[in-house]
Structure formats: C-alpha cells, structure tokens
Amino acid sequence: MGSRVAVQQILRQTVKNVPSSAFIQVQLKTFKTPNLPSLCLSCRLFCSPSDQSSSLLPQHKNRHSSELSLSSLLDMGFTKSQAEQLYDSVSMVKGANSAKHVLTTLTVLFILGLNPTTVQKLLDKCPELCMVKETQLQKRINHLRKLGLVEGSLQRMVSHYPKILTVPVKSVKNVVQFLREKCQFTTQQVAEILRDSPAVVLEDLDQLEYKFQYVYFRMGVKQIEMVKCRLFRFTLDDIRCRHTFLERRGLYQTPDKKGQTTIINPKLDTILNVDLETFIADVARASAEEYDVFQKLLAREWKEEELEPVSIEAYSDDEEEGDDDEEEEETRGKRGYKKKRKNK
C-alpha cells in the first residue's frame with residue numbers, strides 16, 4: 001500500500017514538472033498507438049476518476065487543437081478509414097458547439113476505457129454527443145457510477161446506448177426516484193434496469209407508471225421478475241397484446257389478493273422474451289392466423305375505448321401481503337385498468 005502511494009506521488013510530481021512542450025509530444029506519440037495511451041493508463045491505475053478529469057482533460061485542452069480535423073483524429077489513434085467516417089458523422093451536426101467540444105469529448109470517452117473502434121461506432125450512432133460539454137459529460141458518467149453501474153457494465157451500456165450521455169443528470173435522477181419511490185424497486189434493481197434498459201431514462205413517466213402498474217396489478221407480477229425479464233425493453237402495447245391474448249384463451253389469470261390463481265400462469269419471461277412465432281405456438285398454443293385476427297380486433301377495441309390508469313404506489317417484494325389495507329389498494333389498482341367508453 002505504501003509503495004502504491006509513493007508511486008502515485010512520484011507520477012503526479014513527474015507529470016507536474018514535465019515541460020508543456022515535451023508533454024504534448026509524449027501525448028501525440030502515445031495516441032498513435034492502437035491501445036489507450038500509456039500515460040492515460042498510468043493515471044487510470046493510480047488516480048481516482050476525479051483526478052483523471054482534473055488532470056488529463058485540461059492537458060488535452062492545451063494541445064490547442066479545438067477544431068476537428070483528420071490529422072487530429074489520426075493523432076488520437078484512429079485509423080484513416082475510421083477518422084474519415086468519424087469526421088463525416090460529426091460534420092453532420094458540426095457547429096460552434098460540436099467543433100469546440102468534439103476533441104475533449106473523445107478524450108473523456110478514451111478515459112472511460114473505450115478504444116478508437118468503439119468510440120467511432122458510438123459516435124456514428126449518436127453524433128450529437130459531440131455537442132455535450134466536457135464537464136457535463138464527466139458529471140453524467142460519474143453520476144451513472146454512483147447509481148451502481150460498475151466498470152464493464154458502464155462501458156457496455158454506453159457502447160450500446162450512447163444517447164444516455166446526452167440526458168441531463170436531473171432527468172436521470174427523476175427516473176431513478178420514480179423507480180424507487182413509485183415502483184419500489186431496490187437500489188440494485190434500479191442499477192440493473194439502467195444497465196439492461198437504458199432507454200428508460202427518456203420514457204414518459206406517465207407511460208412508465210402505467211406500464212408498471214399494468215404488469216404489477218393486472219398481471220400480478222412482482223418487481224424481481226420484472227427486472228429478470230427486462231420488462232422496460234418492451235412497449236406497453238406488446239405487453240398488453242400478448243397478455244390479453246393468453247387471458248382470453250384461458251391461459252392466464254389475474255391473481256387474487258393472496259396471489260393465487262386456479263391455473264399456472266406462464267412466467268413473464270416466457271411471454272415476452274421469445275419471438276412471436278414461439279409465443280404463438282408454444283405459449284398461446286394457437287395459430288398465426290388466430291393471433292393476426294385477434295390483433296386486428298384488439299386494435300379496434302383500443303380505438304373505441306379509453307384507458308384511465310390510477311396513480312397508485314406499489315409494494316416492494318419484501319413487504320408482506322397485508323390485510324384490509326392491502327386488499328383495498330389491490331382493488332383500487334385493478335379498478336384503474338377497467339376500460340371505459342369515451343364520452344361522445
């Protein structure tokens with residue numbers, strides 16, 4: 001432990017004493033390698049995330065290359081084809097902001113642990129990420145870490161859904177607060193939801209609440225099973241359509257207040273995490289023609305009817321099934337999904 005601290009101090013002192021011109025040369029040389037720069041790797045080993053953002057990022061600013069160019073991208077380790085493709089992607093949204101922030105954005109992504117190939121693909125998916133300020137980007141990454149997204153999971157989530165880094169911290173906090181307080185997910189479950197379904201941070205909270213309440217009250221599914229099947233990857237229409245089809249065929253029942261049914265309901269994972277052909281044949285035991293006719297009839301019903309969900313807080317998995325109060329809440333919850341005809 002002592003040697004680690006000593007090496008860290010020596011490294012910081014050495015970097016501090018190196019002339020700026022020499023430091024720039026070292027940076028340019030190391031960025032030409034396909035892997036992360038050796039200096040960045042050293043800092044990641046010995047410095048905390050806050051140290052990285054405070055020490056490395058200003059040094060990149062001193063490179064005095066605020067404008068995007070093919071040569072600057074080549075210097076950072078991209079191949080010629082990657083640099084050209086990335087330059088074209090960024091140019092689509094290039095303006096004063098993107099030109100100003102693009103190189104520092106790339107630096108933050110490298111510090112996060114992404115390689116040039118991943119960064120290029122990431123910005124192809126979400127070129128508007130280049131318009132995010134360096135400080136905002138770093139705050140959003142640090143906030144995701146605080147929510148429980150560990151190294152590895154964080155990088156995979158950002159690579160899969162880079163748009164999450166364009167969402168303000170406040171918006172993410174609102175969704176997290178909703179999932180914990182309204183839906184009673186645990187901190188660990190919220191982290192898993194963000195990891196597996198990051199697009200949830202952009203979903204309308206009213207629609208999110210209705211989706212949760214439908215599955216919780218109407219289908220009788222608890223939080224732990226929702227997380228396991230990655231519920232928030234699916235649209236409400238897909239969930240309702242498959243559930244209603246099973247229900248009308250007598251293959252699914254809403255549990256009573258004690259959580260009991262007269263039949264064995266299929267698991268939520270079995271209903272949602274299979275392709276349509278498998279669902280129809282193996283779960284619903286029907287034909288494709290039957291399901292097609294059902295979808296058309298159900299779509300007609302949805303046009304004629306109005307759904308009026310009631311805002312109700314759910315119970316967490318570890319709370320015991322209550323007595324009178326529980327029964328009253330359960331009744332109110334189910335009532336929220338009764339269909340009422342529109343007033344004409």
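In the predicted model, Gln184 occupies the loop that runs between helix H11 (169-181) and H12. The backbone of Gln184 has a phi near 60°, a positive value in a residue other than glycine, and the residue is partly exposed, with a relative accessible area of 22%. A second residue of this kind is Arg285, whose phi is near 50°, again positive in a residue other than glycine. Arg285 is placed in the loop between helix H17 (276-283) and helix H18 (288-304), and at 56% relative accessibility it counts as exposed. As background to both values, most residues other than glycine have a negative phi.

Helix H12, which follows the loop of Gln184, also takes part in enclosing internal space. A search of the whole structure returns 3 cavities of 30 Å³ or more, and the largest cavity has a volume of about 50 Å³. The lining of the largest cavity consists of Glu192, Ile193, Asp196, Ser197, Met226, Val227, Arg230, Leu231 and Phe232. Two elements, helix H12 (187-196) and helix H14 (223-228), each give two or more residues to this lining, and the largest share, 3 residues, is that of H12. By residue class, the lining of the largest cavity divides into 5 nonpolar, 1 polar and 3 charged residues, with Ile193 and Met226 among the nonpolar ones and Glu192, Asp196 and Arg230 as the charged ones.

Helix H6 (residues 80-91) comprises 12 residues, and the distance from its first C-alpha to its last is 16 Å, close to the 16 Å expected at 1.5 Å a residue. Within H6, the residues Gln82, Ala83, Leu86, Ser89 and Val90 are buried; because these residues cover an arc of only 130° around the axis, they are placed on the same side of H6. The face of H6 that is turned away from this buried side carries the exposed residues Lys80, Ser81 and Asp88, so that buried and exposed residues of the helix are found on opposing faces.

The loop between helix H8 (116-125) and helix H9 (134-146) contains Lys133, and Glu128 is likewise found between H8 and H9. Both residues count as partly exposed, Lys133 at 45% relative accessibility and Glu128 at 32%. Each can be paired with a residue further along the chain: the C-alpha atoms of Lys133 and Thr166, 33 residues apart in sequence, are separated by 9.9 Å, while Glu128 and Lys163, which are 35 residues apart in sequence, are 8.5 Å apart in space, C-alpha to C-alpha.

With regard to cysteines, the structure holds 0 disulfides. A disulfide is a covalent bond between the sulfur atoms of two cysteines, and the cut-off applied to a pair of cysteine sulfur atoms is within 2.5 Å. For Cys130, the closest cysteine sulfur is that of Cys126, at 8.5 Å, and this separation is too far for a bond. Cys130 counts as buried because its relative accessibility is 0%, and Cys241 is also buried, with a relative accessible area of 9%; both values therefore fall under the 20% limit that defines a buried residue.

Terms used: Residues are numbered from 1 along each chain as its sequence is written. This is a predicted model: local features need pLDDT of at least 70, side-chain atom pairs count only at pLDDT 80 or more; totals for chains, interfaces and linings use all residues. Side-chain values use heavy atoms; hydrogens and water are left out. On a 1 Å grid over the protein atoms alone, a cavity is a set of points where a 1.4 Å probe fits but cannot get out, and a pocket is an open set with protein on both sides within 12 Å along at least five of seven lines; lining residues have an atom within 4 Å of a point. Grid points are joined across faces, edges and corners, and a volume is the space filled by probe spheres set on the points. Helices (H or I, at least four residues) and strands (E, at least two) are DSSP runs, numbered from the N terminus. Buried means under 20% relative accessible area, exposed over 50%, partly exposed in between (1.4 Å probe, protein chains only). The expected span of a helix is 1.5 Å times one less than its number of residues. The arc is that of the directions from the helix axis to the C-beta atoms.
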